[in-house]
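User: Please examine one part of this model closely, and then set it in its wider surroundings. I would welcome one continuous explanation that a beginner can follow.

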Amino acid sequence: LQFLYFIGKKGKKNKMHTEAELAKAVEARKAGNKALVAGRSEEAVQLYTEGLSVVPDDYLLLGNRSEAKLLLQDAEGALEDAKGCMAHSGGKWPKAYIRKANAEVALGRTRDAIRTLREGMRVLGDGDDRQPWLDKIASVKEVHFNVKVTHHEGMGRTLTAMKPFPMGSVVMTEHPLMAWERKETTSAGDKPITEPAPKPPVPPKETLLLAGYDETAILSTAAPTQQEKQDQQQETPATPDEAAASKICEEYGITDGVVGILFEYVKLSAEEQAIVLECCCPPIPLSPIAVILVNIAQGLSQLETFKSLGQMTVLRLMMINKVNSHGMKRQGRGQEAGIFDVASKMAHSCTPNVLYDGVDCRWVAVKNIPKNSQVTFSYNSSQFMVHSSEVRQTVLRQSHLFVCKCDRCTDIDYTRGIRCSCNKGSVSTTTDEATRYRKGTRLLDHERGLYNEKAWSCAACGGTWTDKEMEKELERENAIERSVHEMQQLKDKVEKGQYEKLKDLVERSLQYLSKDHWCYLRLCYLLSLYHYQLARRSPASAYELLHLCILWGKKYSQGLTRTKVAEAAPMIYVEWDYWMSMVCGEWPHLMQEKVSLLEAAYPTYSTIYPGEVATLGIADALAKSKRNITTFRNKVFLGKAYKSLHYDYDESELFEQWENHLADRYIAQVKQRDGGAQALDALLREGHADPAVQSVLVGGK
């Protein structure tokens with residue numbers, strides 16, 4: 001007994017107590033136990049406290065006082081004593097975990113209680129009865145989760161809502177069963193916002209004066225930003241098996257993050273290991289990557305740590321990591337992956353009704369979820385929600401080894417419109433009526449044995465086509481898609497020739513595809529980012545560039561609504577509005593548009609992310625922008641600027657706006673530098689290196 005008191009938290013030595021002190025503590029504990037059994041909880045707490053005044057590190061006294069305090073409805077005190085009990089017992093006394101879990105349940109922290117009970121099971125001896133612990137976990141899960149695991153034909157086990165969830169409510173929270181470092185970049189859910197917070201240039205004093213702002217102070221604060229500070233984790237030396245595992249993965253060109261699940265798996269209790277192995281694991285497709293994974297599994301199974309698992313279990317765990325793990329970015333940690341008891345059974349959908357927050361490990365309803373309906377979230381990152389069903393399914397098949405059969409993937413794909421040669425219907429700045437859409441995807445057709453299905457149709461002329469009959473159009477589509485993917489890599493850069501390539505792709509998309517194609521939407525998005533990045537680098541043209549950034553951004557927003565992406569994934573649309581509002585910065589000619597965008601974004605943010613930094617930032621920015629508008633006395637200037645942002649320019653007009661501005665600037669520079677009209681005439685005769693400038697100059701400018 002004296003030795004147990006001698007050993008303290010994490011092996012540190014506590015003060016050595018005399019035999020008299022130890023005897024007094026034991027006497028107080030026995031008396032307290034009798035009072036507790038007799039139902040005199042207050043007396044028991046007093047007796048335990050007297051014993052702790054003599055031996056403060058007696059974990060038995062702390063554990064028993066925790067139980068007595070809980071009976072007196074002092075859950076906070078009970079939790080504090082339970083934590084002390086665990087610390088002074090070195091985490092080796094199973095009852096300490098029971099005490100802590102009971103206190104957490106009383107405080108409504110059922111998620112923490114489940115984790116505590118699982119940790120307690122790991123310290124049980126071989127002869128200890130484990131069933132009471134399993135029963136306790138099951139009872140807490142019934143209280144904590146408002147979803148149940150059900151079997152769905154074709155999808156396996158999924159989650160079903162046991163009650164209705166209104167939009168913005170937290171559907172579930174859960175601690176991971178196991179977590180490990182994930183060294184490759186991974187999505188950690190949909191914590192707002194998806195794009196980096198913009199930092200637009202500050203408007204010059206002349207612009208503020210033009211708007212009628214006659215105060216002496218110049219607005220100079222940019223829009224609120226969100227920047228997560230990544231905590232640097234202290235690296236611990238690798239064990240021999242960890243070093244060997246990294247070397248095996250390195251030989252095959254695979255990141256060693258995929259084997260993190262193995263090292264965490266061997267630390268789990270037998271019951272937890274069984275839960276992990278129950279996760280869905282689809283058959284491995286015959287492919288080069290499959291051969292690599294099998295070879296890696298064979299090598300890893302020879303290591304001492306994993307010999308007891310065998311090659312097939314090692315391979316299965318690697319596939320579970322690929323298919324069932326969730327990305328996480330918890331506070332104070334780096335990028336992680338984790339497996340959850342319940343959440344890892346949640347099904348995928350391209351029209352998800354919950355968002356996953358990988359920072360707090362919670363799932364929030366983005367739509368009203370009726371009782372007994374499936375709870376789903378998107379396995380794909382948000383950028384792929386704008387892509388066609390064909391692209392989304394291809395990505396999912398590579399990353400999660402299955403073909404999605406959600407309603408959006410099996411129905412008409414409104415993000416893959418290709419211009420129909422019938423030329424019937426009207427063509428406007430926002431839509432094309434003569435458009436062919438495909439129902440379903442080739443992957444689904446092949447899975448069902450349909451190879452000559454007339455999947456393409458045009459509502460304007462009533463025609464239908466097979467993929468074979470659309471071969472020429474699909475070749476053009478593939479070429480444009482490849483080029484758009486290449487331009488996507490430059491979205492945060494400004495390079496020579498980038499503008500001309502984007503312009504050419506927009507023109508080709510309008511000629512061969514349509515405004516209802518994800519490539520066109522992506523190009524509008526990229527042009528918006530291009531003008532924003534250029535505005536940061538070209539202060540002299542920032543006024544015009546930010547104006548064009550918003551106009552291209554609005555074309556992207558219109559496309560999200562038109563192609564029903566905004567309906568399938570509403571936060572993509574709302575977050576884009578928020579991003580554009582931040583681009584407006586403090587520029588007077590964009591201030592009314594900023595207010596309009598913030599007013600559109602705030603209701604959704606305040607419902608889904610109440611109290612979040614982004615939501616509070618929107619409220620502050622909205623109030624500040626409204627105050628700023630009142631200080632701008634030139635209302636005619638503001639009205640014209642706002643109206644210009646709501647005119648439906650076609651794409652050629654937007655290109656012309658920027659090219660005219662380029663030409664105006666260049667002409668002014670030539671006149672100032674080289675002696676006026678004579679130099680300009682020579683420029684027109686000789687041509688100019690910049691195609692955008694030259695096209696305008698030759699056009700009569």
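Analyst: A residue is called buried when its relative accessible area is under 20%, exposed when it is over 50%, and partly exposed in between (1.4 Å probe, protein chains only). This is a predicted model, in which local features need pLDDT of at least 70 and side-chain atom pairs 80 or more, while totals for chains, interfaces and linings use all residues. Residues are numbered from 1 along each chain as its sequence is written, and side-chain values use heavy atoms, without hydrogens or water.

The close look begins with Ser 509, which lies in helix 19. Helices (H or I, at least four residues) and strands (E, at least two) are DSSP runs counted from the N terminus. Ser 509 counts as buried because its relative accessibility is 0%. Which residues surround Ser 509, once its neighbours within four places in sequence are left aside? Ser 509 is in contact (heavy atoms within 4.5 Å) with Ile 480, Ser 514, Tyr 520 and Leu 523.

One of these partners, Ile 480, leads to the next level of the picture, for both Ile 480 of helix 18 and Ser 509 of helix 19 take part in the packing of the two helices. Helix 18 spans residues 471-488 and helix 19 spans residues 498-512; their axes are 11 Å apart and meet at an angle of about 150 degrees. Here an axis is a line fitted to the C-alpha atoms of the stretch in contact, and angles between N-to-C directions run from 0 to 180 degrees. Helix 18 and helix 19 are therefore roughly antiparallel, the class for angles over 145 degrees (under 35 is roughly parallel, 65 to 115 roughly perpendicular, and the rest oblique). Helix 18 contributes Arg 476, Ala 479, Ile 480, Ser 483, Val 484 and Met 487 to this contact, and helix 19 contributes Gln 498, Lys 501, Leu 502, Leu 505, Arg 508, Ser 509 and Tyr 512.

Another pair of helices may be set beside this one. Helix 21 (residues 542-562) packs with helix 23 (residues 570-583) at about 170 degrees, and their axes are 10 Å apart. Helix 21 and helix 23 are thus also described as roughly antiparallel. Among the residues in their contact are Leu 546, Cys 549, Ile 550 and Gly 553 of helix 21, together with Ile 572, Tyr 573, Trp 576 and Asp 577 of helix 23.

The cysteines deserve attention as well. The structure holds zero disulfides, a disulfide being a pair of cysteine sulfur atoms within 2.5 Å. The sulfur of Cys 406 has its closest cysteine sulfur in Cys 404, at 3.4 Å, which is too far for a bond. Cys 406 is buried, with a relative accessible area of 10%. Cys 461 is likewise in no disulfide, and the nearest cysteine sulfur, in Cys 458, is 3.7 Å away. Cys 461 counts as partly exposed, at 30% relative accessibility.

A further cysteine is notable for its backbone. Most residues other than glycine have a negative phi. Cys 361, however, has a positive phi near 50 degrees. Cys 361 sits in the loop between strand 8 (354-357) and strand 9 (362-365), and it is buried at 3%. Asn 372 also has a positive phi, of about 70 degrees, and belongs to the loop between strand 9 and strand 10 (374-377). Asn 372 is exposed, at 54% relative accessibility.

Finally, the whole chain supplies the setting. The chain has 29 helices and 14 strands, and 51% of its 701 residues are buried. Of the contacts with a separation of 6 or more, 68% join residues 24 or more positions apart.
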